[in-house]
Amino acid sequence: MSNNKPLYSPPTLGSQLLRWFCKDRLLEEIEGDLLEYYQIEREAKPKWKANLLYWFHLFHFLRPFALKKIGQNSNIIIMYRSYFKFAWRGMMRHKMQTSFHLLGLVLAFTVCGLIYLHLKFETSYDSHHKDADDIYRIAWMNENPQTRTPHPMAQALVSEFPEVVKAVTFSPIYGPGLTKDVILITHDASNVTHEITDGYFADTTFFDVFTYEPIYGNPKQALQNEWAVVLSESTAKRFFGDEDPVGQRLSFNGMVDLLEVAAVVKDAPKASHFRFNFMLSYVTLKSLPFNDPWLSWDDFGHFNYVKLSPGTNPEVVESKIPNWIPKYLNWSEDNIESLKAGEIGFKLQPIQDIHLHSNIRWELEPNGSYSYLIIYGVSALFILLISIINFVNLNTARAAQRLKEVGVKKTLGAFRSQIFTQFSIEALVTTFLALILSVFVMNWLETPFNNLVNGSIAIENLWQTETVTFMVLTAIFTAIVSALYPSVYLNSFEAGSILRGLKLSKLGGSNLRNGLLGVQLVATVILISGSLTIRNQIQFLKDKDLGFDQDNLMVLTIVGQTYSQKIRTLKSELESISGIGETSMVSNVPGGQFNQHPLYMEENPQLRVDASEMFVDKDVASTLNLEIVEGRMLDDVFAADSAGTAFVLNETAVRELNVQDPVGKQLFWVNNEELVKGTVVGVVKDFHYNSLHVPIRPIIMMMNQNAYNHLIAKFDPNSLPQIIEQVEEKFTEIVPEVDFSYRFLDSQIEELYQEEARTFRLTVILSAISIFLACGGLLGVISIVIRQRVKEISIRKVLGASAKNILWLINLKHLLIAAIALLIAIPASVIFMRNWLSNFTYQAGISPLVYGVTSVGILMLIGLTISLISIKTIKANPANNLRSE
Amino acid sequence: MKGTQLGEFEELVLLIVGVLYPEAYGLSIREEIINQTKRKVAIGAVHSALSRLEDKGFLKSELAEATHERGGRRKRIFTITAEGKKALQKNHELRNSLFNQIPNMALKLAKLV
């Protein structure tokens, strides 16, 4: 060697990679060539360039001729390949069993996957806000808690509490009766008009607390300006398409060019507990020359949200409020007492909990319910459990059939661990196949499932690390558990004795199998009895007398003060249509939300009662068929009635006001600043104007010509199509600017129990799946057991046992297991369902019938399954069975 | 046997192996190809062609002495076999005969264009 100067060394990773993939025969020359080449390049070029070239040429060796041939010479690879081959052959040999396994696992994985995605979506509400963990809503907790608190509270908290970093107060634009108002917005330049819902007034700090992605303009700045409006992206699109609308003017309810578009932000994600279409600033409101008590401390009429400094315990702030706030509130000693005593108070609700855990008055949108999610989750886990148990049970039952195979393998030198690996791989092939199939099924079921649970899951969300890990781990867990028992059991025999002709006197693992069978039945019974109880409750709610008529009533809604005159015209026009009976104008419809204010009797001013209010016309009692127990209903022939100083109460209000013979007595209605004094003229029987989730609360009814939003009309169901046609005609004639739409009162009330109905449908499906899987599993196991016991049965028959005796013998054990399962499942189910029923004020109760039906059903089903599968063997001629061998 | 045809690049490599005799190995072949034809060739491409030619029996190889600049690794020196020579000759003749069959007119016209 002439020149022994040191060599440049190429990237180590590269040479390692080469050694890993390159054929041994070619490795030396290729390595040599690359190294030599690298030396030349390094001499001439900078290091990075040489490295790059080195890598370039290295990757050019990734060609078939240079790559190691996999599995050619490796024992391990050959062995693993044989496992897969055996697994495949095994699956093909038992096609029935394989398809049942796959079906069961696919069903379970699909159900679990869909419900998992649903739960994940439902629990992800409002997590998109920056610092979402530190944002809280202030709720007012009294005997009828509500989301709304006074407007000045937010900024007072920021200035006087060091823990409160930012705060915002906002409110939806409410119409009369505190229904969310619909605003007519017009872009006059292009003459485009839309009815827009979800308009909000918000403080300038809105975008400091909540995170919205700006698209045009600067939203934070926008809220500083009078008459500036921030639009959501979807709303902006409706008016301006894809153009930048900043600076354009919009008309508000016919007030020409009142608003200027100052910014556009992205719509809130679906998982938000509120969303706005357009937003005006309180700055705009305050610029108006009116001193609205709404903006004072007296009106609990705004949504207040605070952002605390990171990691602050909200209870610290909560506990300071009762001693701080009385200086602002113009309250009686009594009220302040009970505030300080903690009987009533302000609560900070974590923003991310609002969707699932808050269900108080004035939620911005209907929230979800945590207890239903638990039902969904538990049901899904039950199905998974049942399916895993099936898989394990059938695999263990089949183990005895594979005794010879294991014997041969062990004689040829297989280790125990290799037997286990083989069994695991066979199970893994099935579970992973099921997993892959279930992804397809999930894709297919995405929309039906969303319709079923009113969800918004997207299957592509499945491809997240944790979800994939969870599913893969479930598949692996299922496979390993099902492989564990057979391999341990079969490994326990000595190879020699197996081959010499060891006969298993009985199938091993029956204790384990029976135990698992019991667990399966427990899950099934809980599911079935649960869905029956839910059904009972729904039926109970449907059948319950609400205290008013809900059938054959049509509701026409025209929200907005501008229409109060027109709704009167509409009423008189509608009355002329034949087939329309009584009609009534009201501010709120039973089943909807009601505003509430305090009341007190003149004779007892200390006793204040919060009462819902409903503005009604003279026909409300006859239209809704309300029963008047005392006095009379309102009527505009009396001047006091039409002036709004005559009141009708319900029985609960009378009871809570603690007044005898209320008719004719003076009552004060505390409408914030305005104290209305009037006479009680009548009392109506209690009726369920709210959903049956809550008890009946006090209500006060009075007249107010400007507050009617809804027209309720009784119709003759026999000529409904003609009536609707005529109503539409009149409607478009009187209010052409509003799109005609109508609802039926009974279906609107039914919507209050949508969540129950959905849960019922889901649990029925899941119960059906669980019955199918449990019976299928039982069928599979019994058919294997029977095959093992053919000889025994035949001998019994020869000795004179009747088919009935033998059937009983085979059934008895499983019926006993079922009985034990029932004993465990029924108390568990009762506790669980009682817990669920406690969500309702009016409960159907837990019916023993449900459990009777479930028990008898399960026992019969098991008996039937076992008898069906065994009857052939039992009926067969014992001589034939005994002669073989 | 399928695959005893000589591809264009294979023919080039085979020729260069002849040219470089007795010093033809992967890297030197690549260099020669670049020098003579101005084509850009990856080392891997050359090795791949060499291994194919060897499979077809047109080349034979043996490992030579280890050298320092190769980090003590040996080169594989390639030489043309009788089969290889025959294949080259066949290609050469085929090409010459085809070229000679082109009418003069055709070549002249091509020049004019």
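**Exercise 1. State what share of chain A is buried, and decide whether the chain is spread out or a compact globule.**

Solution. Of the 885 residues of chain A in this predicted model, 38% count as buried. Next, take the secondary structure: chain A has 30 helices and 23 strands. Now compare two radii. The radius of gyration of chain A is 37 Å, while the globule rule gives 29 Å for 885 residues; the computed value is well over the rule, so chain A is more spread out than a compact globule. The C-alpha atoms of chain A fill a box of roughly 110 × 100 × 60 Å along the principal axes. Finally, look at contacts between residues at least 6 apart in sequence: in chain A, 81% of these join residues at least 24 apart.

**Exercise 2. List the domains of chain A and give the distance between the centres of domain 1 and domain 3.**

Solution. Start with the bounds. Domain 1 covers 12-59, and domain 2 covers 143-312. Domain 3 is made of the pieces 370-503, 510-541 and 754-883. Domain 4 covers 553-747. Then take the centres over C-alpha atoms: those of domain 1 and domain 3 of chain A are separated by 58 Å.

**Exercise 3. Describe the largest nonpolar core and name the helix that gives the most to it.**

Solution. First, the size: the largest nonpolar core has 76 residues. The residues with the most contacts inside this core are A108(A), V111(A), I383(A), L521(A) and V525(A). Second, the helices: at least two residues each come from α5 (95-122), α14 (370-399), α16 (416-453), α17 (465-491), α19 (510-543), α26 (754-788), α28 (803-837) and α29 (848-875) of chain A. Among these suppliers, α14(A) gives the most, with 15 residues.

Third, follow one residue. Leaving aside neighbours within four places in sequence, L521(A) is in contact with A774(A), I817(A), A818(A), A821(A) and I858(A). Another core, of 57 residues, lies apart from the largest one; V609(A), V681(A), Y689(A) and L745(A) are among its residues.

**Exercise 4. Find which spans of chain A carry the annotation "transmembrane region", and check two of them for helix content.**

Solution. An unreviewed UniProt entry gives this annotation to residues 99-119, 370-394, 425-445, 470-493, 514-534, 764-786, 806-829 and 849-871 of chain A. Take residues 99-119: the span is 100% helix and 0% strand, and its end C-alpha atoms lie 30 Å apart. Take residues 806-829: this span is also 100% helix and 0% strand, with end C-alpha atoms 34 Å apart.

**Exercise 5. Describe the side of chain B that touches chain A.**

Solution. Count the residues: 18 of chain B are in contact with 20 of chain A. The elements of chain B that give two or more residues to this side are α2 (26-37), α3 (43-56) and β2 (74-80). The largest share, seven residues, comes from α3(B). By type, this side of chain B has four nonpolar, seven polar and seven charged residues.

The unreviewed UniProt entry lists residues 23-90 of chain B as "domain: Transcription regulator PadR N-terminal". That span is 51% helix and 22% strand, and its end C-alpha atoms lie 25 Å apart.

**Exercise 6. Locate G71(B) and classify its exposure.**

Solution. G71(B) sits in the loop between β1 (59-66) and β2 of chain B. A residue is buried with 20 or more C-beta neighbours within 10 Å and exposed with 12 or fewer. G71(B) counts as partly exposed because it has 18 C-beta neighbours inside 10 Å. Leaving aside neighbours within four places in sequence, G71(B) is in contact with L7(A) and L35(A).

Terms used
Residues are numbered from 1 along each chain as its sequence is written. Chains are lettered from A and ligands numbered from 1 in the order in which they are written. This is a predicted model: local features need pLDDT of at least 70, side-chain atom pairs count only at pLDDT 80 or more; totals for chains, interfaces and linings use all residues. A nonpolar core is a set of buried Ala, Val, Leu, Ile, Met, Phe, Trp, Tyr and Cys residues joined through C-beta atoms within 7 Å. Helices (H or I, at least four residues) and strands (E, at least two) are DSSP runs, numbered from the N terminus. Two residues are in contact if their C-beta atoms, placed from the backbone, lie within 7 Å. Domain bounds come from an automatic or database domain assignment. UniProt positions are given in the numbering used here, feature names are shortened, and annotations may be inferred rather than shown by experiment. Ala, Val, Leu, Ile, Met, Phe, Trp, Tyr, Cys and Pro count as nonpolar, Asp, Glu, Lys and Arg as charged, and the others, Gly among them, as polar. The radius of gyration is taken over C-alpha atoms; the globule rule is 2.2 Å times the number of residues to the power 0.38.
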